[in-house]
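Here's a quick walk through an assembly, starting with how its copies relate to one another and then moving into the folds of single chains. Have the structure open while you read.

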Number of protein chains: 4
Amino acid sequence: MAGSTLGIIYRITTWGESHGPGLGVVVDGCPAGLPLETNDIQSYLNRRKPGQSRMTTPRKEADAVEILSGVFEGQTTGAPISLLIRNTSQRSGDYSEIAACYRPGHADYTFDQKYGFRDYRGGGRSSGRETIGRVAAGAIAAKALSEFGIQLTAYTKSIGPVSIDPTAFDRKAILETPTSMPDREASARAEKYLEDCMRNYDSSGGVIECVIDGVPAGLGDPVFEKLDANLAKAIMSIGAVKAVEIGDGVEVSARRGSENNDAFRVENGRITKATNHAGGILGGISDGSPILLCAYIKPTPSIFSPQNTVNRDGEEISISIKGRHDPVIVPRAVVVVESMAAITILDALLVNAGAKMDHLKAIYKN
Amino acid sequence: MAGSTLGIIYRITTWGESHGPGLGVVVDGCPAGLPLETNDIQSYLNRRKPGQSRMTTPRKEADAVEILSGVFEGQTTGAPISLLIRNTSQRSGDYSEIAACYRPGHADYTFDQKYGFRDYRGGGRSSGRETIGRVAAGAIAAKALSEFGIQLTAYTKSIGPVSIDPTAFDRKAILETPTSMPDREASARAEKYLEDCMRNYDSSGGVIECVIDGVPAGLGDPVFEKLDANLAKAIMSIGAVKAVEIGDGVEVSARRGSENNDAFRVENGRITKATNHAGGILGGISDGSPILLCAYIKPTPSIFSPQNTVNRDGEEISISIKGRHDPVIVPRAVVVVESMAAITILDALLVNAGAKMDHLKAIYKN
Amino acid sequence: MAGSTLGIIYRITTWGESHGPGLGVVVDGCPAGLPLETNDIQSYLNRRKPGQSRMTTPRKEADAVEILSGVFEGQTTGAPISLLIRNTSQRSGDYSEIAACYRPGHADYTFDQKYGFRDYRGGGRSSGRETIGRVAAGAIAAKALSEFGIQLTAYTKSIGPVSIDPTAFDRKAILETPTSMPDREASARAEKYLEDCMRNYDSSGGVIECVIDGVPAGLGDPVFEKLDANLAKAIMSIGAVKAVEIGDGVEVSARRGSENNDAFRVENGRITKATNHAGGILGGISDGSPILLCAYIKPTPSIFSPQNTVNRDGEEISISIKGRHDPVIVPRAVVVVESMAAITILDALLVNAGAKMDHLKAIYKN
Amino acid sequence: MAGSTLGIIYRITTWGESHGPGLGVVVDGCPAGLPLETNDIQSYLNRRKPGQSRMTTPRKEADAVEILSGVFEGQTTGAPISLLIRNTSQRSGDYSEIAACYRPGHADYTFDQKYGFRDYRGGGRSSGRETIGRVAAGAIAAKALSEFGIQLTAYTKSIGPVSIDPTAFDRKAILETPTSMPDREASARAEKYLEDCMRNYDSSGGVIECVIDGVPAGLGDPVFEKLDANLAKAIMSIGAVKAVEIGDGVEVSARRGSENNDAFRVENGRITKATNHAGGILGGISDGSPILLCAYIKPTPSIFSPQNTVNRDGEEISISIKGRHDPVIVPRAVVVVESMAAITILDALLVNAGAKMDHLKAIYKN
């Protein structure tokens, strides 16, 4: 199994390699009757497109999406939506070095161990371009969620040592800074830091946060299909993510119960919580507060600095990786995190439709 | 969907509530021909049994497991293994307070929102006792993995502010300290800290680490079924876990690539890594190094201190939770983390059996 | 994989062997709020219980069901419903002959080939008793369906050469004749035929029909999860079934289109069909007419007559099967067919809840 | 859910409508290292292409397949294989009549009921062209199976009243007759019959048989994932199929056990069966004999003769269906049946790789 399908009802299947003819996704199980046009998807894809600043690879890709099925007269039909994005910038370059050696921090060695050989051109299936299908499917999920008043906002929380100031949150800056930070001042400092990394032939890690507003209480299931468990899987399945946290996450381990419990209270006649350390999920089920999650992202493993490694013949060598690489993965991964979260929430919403007799009776009136 | 099934080939289905007749699990897809007896499972269950120290609830449960199917003449048959653990200590106590109010940090409110009502006795399906089925299934998985030289070791890494000293690692101490810490000195300090929590009618969070040795390179799939993604889901699906990290996890976000990449090298004729920041997984596939993961656990939400909350009638009230509760979830959750990791690794091992033509030709010789 | 789980949202997992401690099923995904008591399930199990006439094995089993979880205060909670039926009549008899040889028409040889050995006592996992879990889960599904006005009726259509007269359909006779035929006259003839079979140390096959009334139009999906495809799988997965047909099934292959098409018409303001050759399903989706299906069942393979076969050492031998066996599987399989159909229809009903935006908006009002 | 994904390890996802930009399939889980080129797939697709005789629709489609991913240097890589077939012959014709009315025997009415509206152009997702993705995925499965000595042969067994003579079986005739019958004489008679149907503005049903040689004993699981259950689902999920039988299927219901049981015997040192009434499957598991299955196919519902039906406004009308339609579905569906069988058998082979400890030890040697 290559494990390219995710979801129970809203089920996505991605495919494609960095240097093959193209990449894409089949979105099955999207409810019928959702207004959808190409630009709903293209605008999401544009957010992860390379070449938009000095902080991203200069590789130019149009990443233009074509809807091949599942949409008719401006609405989803309930049939699978197949989306195709052609690769246009595959350099015919020389991959013999990558083919022959195992780049540190990459999946070259593990692919060879698993499959016996690999498509070594630009990382093949483990390239960052694999996320194109995720973002295309995420755009549709986000569109569907918006019909229920659910809104996702992901952004860069930190790059290397530079973190945003949450009290100075500026939503517009997310799309306007090259770092995707909602804080222009922090963004400027992060850019400086990244320039220093590049000068030193190095790269940087960072953190992405995602806030999901408007999720009704009751989504997610109590045991293995907990909403946070599925978010953790969805986010950890993004290439460079090494940790996932929900709400206050890591910090809760050092706390006392009296500090960490969120008191319930009543506000305008609705039950809500005085604080949201839990990040909107209790017992695996959404509690009506905003869902908060963070993804911790490793530094781009492709660096110009010489590194020790081993080639396919089992000889120790030194390599220095050439080519077009982002000095930090984070800004372009922001929309990927948002997409994976959207896909997960929509699936939970659909699965939950059959949770109780009352739901079903609202649908199947006799 | 209640989402009580996990896994593709090694597929477990748990069931049961805290105060119903019992709890259990059906383990489907265990390979035939594995030697298995009751005690292989009972010894795991005993590790999570309550009442073993002052640090755990004084509730006494025998937690004796009965094998109802799938084992014949001392071996697994390939048929589903059904395991039953009867509840024996359900106090007939008064649950009217819990029934009527929403305890902070618990799933009371979210269950009511999802299902319209709930089995409120002792937390029902969201009780910590739900993990019994996981541990029983994990015991079988660990036994199967041991046949391939794969060994799991989980332990308490920290409780509140008290962390172990990794340079003083003492494996035997895991089973011998009440904290499950592999460091007797740190354990003694953690016990003091917990006593202070209890005196203040409070509770503590903590961190569990799990090391998995002997995993062959090549397990896990490159996209959504990444080994780390499935570990993240499995671990995050445990009740009180709020963050999961693989390898250096959270810390990598502040690093540079040159610090974080693990150089490959050759040792005794085998390819290995000079460091293991990646925690044994590259591109979602095991790389042959030990797999390292951490689970961040929130403080027990049930505390004696008075807390503000809301009742089912939507009135703000103050409650003080009585009953038998652990001041920290961590020590008894150690074997749960180990179990969920074992289940995930075994499933990956089974799924991987069909990964390449060479594997299949080793099985289906003509 | 032992493949003991079925369904997407209403998901059942059966377990147990003929001569182990018991058998059972875990029903996950049953909507919360369904009134359910033990007798709802027991009454279904009683319909497949042995020892009720000369036409069934004289083996006596109480087949008393215990609800272990998922029901609270007389309603399903949304949590998995675990059901246990203890075996009480396992003779300690001598199985050495069955253990050593491959009975014709049984799964002895294939189990040994698949798993390397087998639980040979009474057929083990491939015993007819395996259907107990199906019937228990089917009883719950049928109860849920009845809340939406959906009603299932299965019965014996033929035994050997004796078929019912559909124009003399007598619903009450299904539960009152030993053959489960809805035609007392045909039943009497079938009994005579079976007595002749028994006298000749032989057995008979037969056909079961199932009619499902009240299914709303729109259930089932258009490609692989077609309603008829899932019914075919569910029914063919019953031990002795060798063919499944929907509507006029086999006969349509010899027809012309003008004979086979069902004309739509309007009756009392509702769209309906003038005929129902299609058996209530068009393009994999229910059309609002009754769903009709037939299961063709092979003769009981266990017969007293001597048969040629091979033992585990690969030697040709002759055997004559002793023990307690039904001369025909059909009457006791009627409730199994009904159960598998109910499970399939309920799952389709739950999955369909997320099919279109209108459904979702009926549930998630803002 | 649109239910467009099938399989556990070898998992296919089809998409596309008759009159959209194209159709295709994503094949995930194909083992790495299988030699594969475009022509392996194209040759299968050519077998279902329209316009090859008077017996098929004159619509001309190139049905040229493009491999978009998952193949590198002539071998499968283990990554998903995405296949695209562009539609080239969508007439811009007038679909207003189909859009407004419910054609008898078609899915028009049920799609509208399920989704609220439908892509009415040429049947949309329920067009026969939907099978293109199945055949493309089946071609790959058949190629993989051939590496293990497994060979599939499907053919037309009957058309209307004309059946082949099994004693005159002529394998070459399958690809050379316009009916796909392995009997040239019967084929000539069937052609005459079809001409008569066409003259009368009518259509015909028929039967397809599939023989699968070389399947090792042990494939399939004992309960819900029985090999015959999965074959039944796979075959019944093909548009016009109304019944599926395994081995002697329907006929066994009228037999006695002594007639129907297949005696085991030893031939050339191997255990085999004297007869094969069971069609190669016992207890849901392959027994090493050829697997035999039949699909009963309804007459093409699109006929020129006037038919009574209802329009979307609920008015009774008469229609006469124009356009390009096959007078019989069977010959072009032969390769679809073969493909679905291949997909099912390969998935069973992959799932079975983890069935017993011995298999796993052959792969994971330490």
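## Chain B and chain D

Turn chain B by 180 degrees, with 0.0 Å of shift along the rotation axis, and it lands on chain D with an RMSD of 0.0 Å. That's what a two-fold axis does. Keep in mind that this is a predicted model, so the match is one between predicted copies.

As for the contact itself, 26 residues of chain B touch 26 residues of chain D. On the chain B side, helix 9 (330-351) and helix 10 (357-363) each put in at least two residues. Helix 10 of chain B is the biggest giver here, with 6 residues. Sorted by class, the side of chain B that touches chain D has 17 nonpolar, 6 polar and 3 charged residues. And 96% of the interface residues of chain B are interface residues in chain D as well, so the two copies meet through the same surface.

## Chain B and chain A

Chain B also goes onto chain A: a turn of 180 degrees and a shift of 0.0 Å along the axis give an RMSD of 0.0 Å. Which C-alpha of chain B comes nearest that axis? It belongs to Lys233(B), at 2.4 Å from the axis.

In this pairing, 94 residues of chain B are in contact with 94 residues of chain A. The chain B side splits into 39 nonpolar, 34 polar and 21 charged residues. Here 100% of the interface residues of chain B are also interface residues in chain A, so once again the copies use the same surface to meet.

There's strand pairing across the two chains too. Strand 12 (residues 241-246) of chain A runs antiparallel to strand 12 (residues 241-246) of chain B, and 3 bridges link them. One place to look is Ala243(A), which sits opposite Glu245(B) in strand 12 of chain B.

## A five-stranded sheet in chain A

Now for the inside of a chain. Chain A has an open sheet of 5 strands in the order 1-2-3-7-4, with antiparallel pairing. Strand 1 (5-6) and strand 4 (65-67) of chain A are the edge strands, each paired on one side only. Strand 1 of chain A is held to strand 2 (residues 11-16) of chain A by 2 bridges, with the two running antiparallel. Thr5(A) has Thr13(A) in strand 2 of chain A as its bridge partner.

Helix 1 of chain A packs on this sheet, touching strand 4 and strand 7 (81-86) of chain A. The direction of helix 1 makes about 155 degrees with that of strand 4 of chain A.

## Helix 1 against helix 9 in chain A

Helix 1 (residues 38-48) of chain A also packs against helix 9 (residues 330-351) of chain A, with the axes 6 Å apart and an angle of about 135 degrees. The two helices are therefore oblique to each other.

Who's involved in this contact? From helix 1 of chain A come Tyr44(A), Arg47(A) and Arg48(A), and from helix 9 of chain A come Arg332(A), Val335(A), Val336(A) and Ser339(A). By class, the contact has 3 nonpolar, 1 polar and 3 charged residues.

## A hairpin in chain A

Strand 13 (residues 264-267) and strand 14 (residues 270-273) of chain A run antiparallel and are joined by 4 bridges. Arg265(A) is bridged to Thr272(A) in strand 14 of chain A. Together strand 13 and strand 14 of chain A make a hairpin with 2 residues between them, and Asn268(A) in the turn has a positive phi of about 50 degrees.

## A three-stranded sheet in chain B

Over in chain B, 3 strands make an open antiparallel sheet in the order 8-18-19. Strand 8 (101-102) and strand 19 (316-319) of chain B are at the edges with a single partner strand each, so one side of each has no neighbour in the sheet. Strand 8 of chain B pairs antiparallel with strand 18 (residues 307-311) of chain B over 2 bridges. Cys101(B) has Asn311(B) in strand 18 of chain B as its bridge partner.

## Confidence

How does the prediction score? The model gets ipTM 0.97 and pTM 0.97. Chain A averages a pLDDT of 94, and 96% of the residues score at least 70.

How values were computed: Residues numbered from 1 in each chain as written. Chains lettered and ligands numbered in written order. Predicted model: local features only at pLDDT ≥ 70, side-chain atom pairs only at ≥ 80, totals over all residues. Contact = placed C-beta atoms within 7 Å. Nonpolar A, V, L, I, M, F, W, Y, C, P; charged D, E, K, R; others polar. Pairing = 2+ DSSP bridges. Axes fitted to C-alpha atoms, helices over the stretch in contact; angles between N-to-C directions. Parallel < 35°, antiparallel > 145°, perpendicular 65-115°, else oblique. pLDDT = per-residue confidence, 0-100. Least-squares fit on C-alpha atoms with pLDDT ≥ 70 in both.
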